[in-house]
Amino acid sequence: MKTAKSGIWSRIQSANGTVPTFEQHFAKVIGSQYCVGTGSGTQALSTCVEALNIGPGDEVITSPYTDFGTISAILTSRALPVLVDLDPDSYQLDPDEVEKHVNSNTKAIMPVHIMGVPANMERIMAIAKKHNLKVIEDSCQAPFARYQGKAIGLIGDLGCFSFQASKAIACGEGGAVVGNDEKLLDECFTVQNRGANKQGKNERIGPKYRMNEFEGAVLLGQLDGAKERFEIRNANANYLTSKLKDFPGRRPQKHYPGTESSSYYHYAMSYNKEHFNGA
């Protein structure tokens with residue numbers, strides 16, 4: 001109501017509005033130095049692809065098991081999404097398959113932390129370093145998840161989150177890019193601000209992906225309790241896993257060594273039909 005009555009409904013109307021305030025707070029709770037709000041998680045991913053100057057003729061390796069927004073974000077820049085096979089137990093990118101598909105056109109890897117569970121980032125980052133590739137983490141389902149002492153979204157070059165209606169932190173539609181490279185995050189800001197930098201100078205081609213002040217207001221109202229809800233989900237998931245560990249008919253989603261916590265967008269399991277009399 002405060003935002004509605006203020007008349008400040010676009011982020012460009014105030015440097016201290018709900019969107020820049022949310023960016024500061026979200027960066028703090030995630031643990032990043034910088035954050036750029038967007039209108040959706042898909043827009044966040046698209047912003048990253050464009051900010052890294054990935055375009056026609058370039059390839060981005062990613063997962064076939066994801067929301068189509070992951071794929072759309074690559075196609076929007078006229079780059080080619082290369083879908084590789086998954087680890088069937090984790091539903092995540094298989095690093096061996098990723099490396100098989102690296103070629104001279106490959107510019108980036110976009111792992112998807114599906115269900116909010118961390119992908120095998122140790123292997124993915126090693127492949128990226130070996131082949132001089134960028135890593136954009138599709139962390140849309142994975143706020144606060146941690147892997148080997150690091151926050152998901154802050155292991156690669158850029159991390160993206162979604163605040164769509166089904167997400168753990170939601171405002172209907174919304175997204176964010178996080179990272180610790182000031183120059184790169186400034187590029188992300190410019191891209192989502194239809195090509196205008198923070199000084200208002202039009203520097204490049206870019207869409208208008210700005211988060212609005214109403215979305216920022218809704219998100220700010222949720223941040224205080226978001227970590228507590230995250231901890232409750234992990235406690236509930238750990239309890240369920242402990243009860244299912246000796247039940248052969250259902251196999252919980254695999255967690256890689258070093259996975260400390262998950263956002264549990266869903267608690268996923270594999271169904272082993274051989275234990276159900278062929279049913």
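What follows is a short chat about pockets, cysteines, core packing and two single residues in a predicted model.

Visitor: Pockets to start with. How much space lies in the largest pocket?
Guide: About 490 Å³. This is a predicted model, and the values are computed from it.

Visitor: Which residues lie nearest its centre?
Guide: Arg11, Pro20, Glu23, Phe189 and Lys198. The lining of that largest pocket has 23 residues.

Visitor: Which elements give two or more residues to that lining?
Guide: Helix H2 (18–30), strand S1 (34–38) and helix H7 (182–192).

Visitor: And by class, what has the lining of the largest pocket?
Guide: There are 10 nonpolar residues, six polar and seven charged.

Visitor: Now the second largest pocket. How much space lies there?
Guide: About 330 Å³. The second largest pocket is lined by 23 residues. Thr42, Asp67, Cys140, Ser162 and Lys167 lie nearest its centre.

Visitor: Which elements give two or more residues to this one?
Guide: Helix H3 (41–51) and helix H4 (68–75). H3 gives the most, with three residues.

Visitor: What is the class make-up of the second largest pocket's lining?
Guide: It has seven nonpolar, 12 polar and four charged residues.

Visitor: Switching to cysteines. How many disulfides does the structure hold?
Guide: Zero.

Visitor: Why is there no bond for Cys171?
Guide: The closest cysteine sulfur is in Cys35, and it is 12 Å from that of Cys171, so the gap is too far for a bond. Cys171 counts as buried, at 15% relative accessibility.

Visitor: What about Cys188, where is the nearest cysteine sulfur?
Guide: In Cys48, 4.5 Å away. A disulfide here needs the two sulfur atoms within 2.5 Å, so Cys188 is in no disulfide.

Visitor: Is Cys188 buried or exposed?
Guide: Buried, with a relative accessible area of 0%. Cys188 is also among the residues that Leu158 touches.

Visitor: Then the core. How many residues are in the largest nonpolar core?
Guide: There are 24. The members touching the most others are Leu45, Ile54, Met110, Ile136, Leu158, Cys160 and Val177.

Visitor: Which elements supply at least two residues of this core?
Guide: H3, H4, strand S6 (106–110), strand S10 (158–162) and H7.

Visitor: You mentioned Leu158. What else does Leu158 touch?
Guide: Leaving out residues up to four places away in sequence, the contacts of Leu158 include Cys48, Leu52, Val135, Ile136 and Glu137. Gly153, Val177, Val178, Leu184 and Leu185 are also among them.

Visitor: Change of topic. Where is Gln192?
Guide: In helix H7.

Visitor: Is Gln192 buried or exposed?
Guide: Buried, at 0% relative accessibility.

Visitor: Which residues is Gln192 in contact with, neighbours within four places aside?
Guide: One group is Val36, Gly37, Thr38 and Thr47. Pro207, Lys208, Tyr209 and Arg210 are also in contact with Gln192.

Visitor: Last one, Tyr267. Where is the place of Tyr267?
Guide: In the loop between strand S13 (259–261) and strand S14 (269–271). Tyr267 counts as partly exposed, at 23% relative accessibility.

Visitor: What does Tyr267 touch, not counting residues up to four places away?
Guide: Ala237, Leu240, Thr241, Leu244 and Pro252.

Visitor: And how many residues apart in sequence are Tyr267 and Phe26?
Guide: They are 241 residues apart in sequence. In space, Tyr267 and Phe26 are 25 Å apart, C-alpha to C-alpha.

Definitions and conventions:
Residues are numbered from 1 along each chain as its sequence is written. This is a predicted model: local features need pLDDT of at least 70, side-chain atom pairs count only at pLDDT 80 or more; totals for chains, interfaces and linings use all residues. Side-chain values use heavy atoms; hydrogens and water are left out. On a 1 Å grid over the protein atoms alone, a cavity is a set of points where a 1.4 Å probe fits but cannot get out, and a pocket is an open set with protein on both sides within 12 Å along at least five of seven lines; lining residues have an atom within 4 Å of a point. Grid points are joined across faces, edges and corners, and a volume is the space filled by probe spheres set on the points. Helices (H or I, at least four residues) and strands (E, at least two) are DSSP runs, numbered from the N terminus. Ala, Val, Leu, Ile, Met, Phe, Trp, Tyr, Cys and Pro count as nonpolar, Asp, Glu, Lys and Arg as charged, and the others, Gly among them, as polar. Buried means under 20% relative accessible area, exposed over 50%, partly exposed in between (1.4 Å probe, protein chains only). A nonpolar core is a set of buried Ala, Val, Leu, Ile, Met, Phe, Trp, Tyr and Cys residues joined through side-chain atoms within 4.5 Å. Contact means heavy atoms within 4.5 Å.
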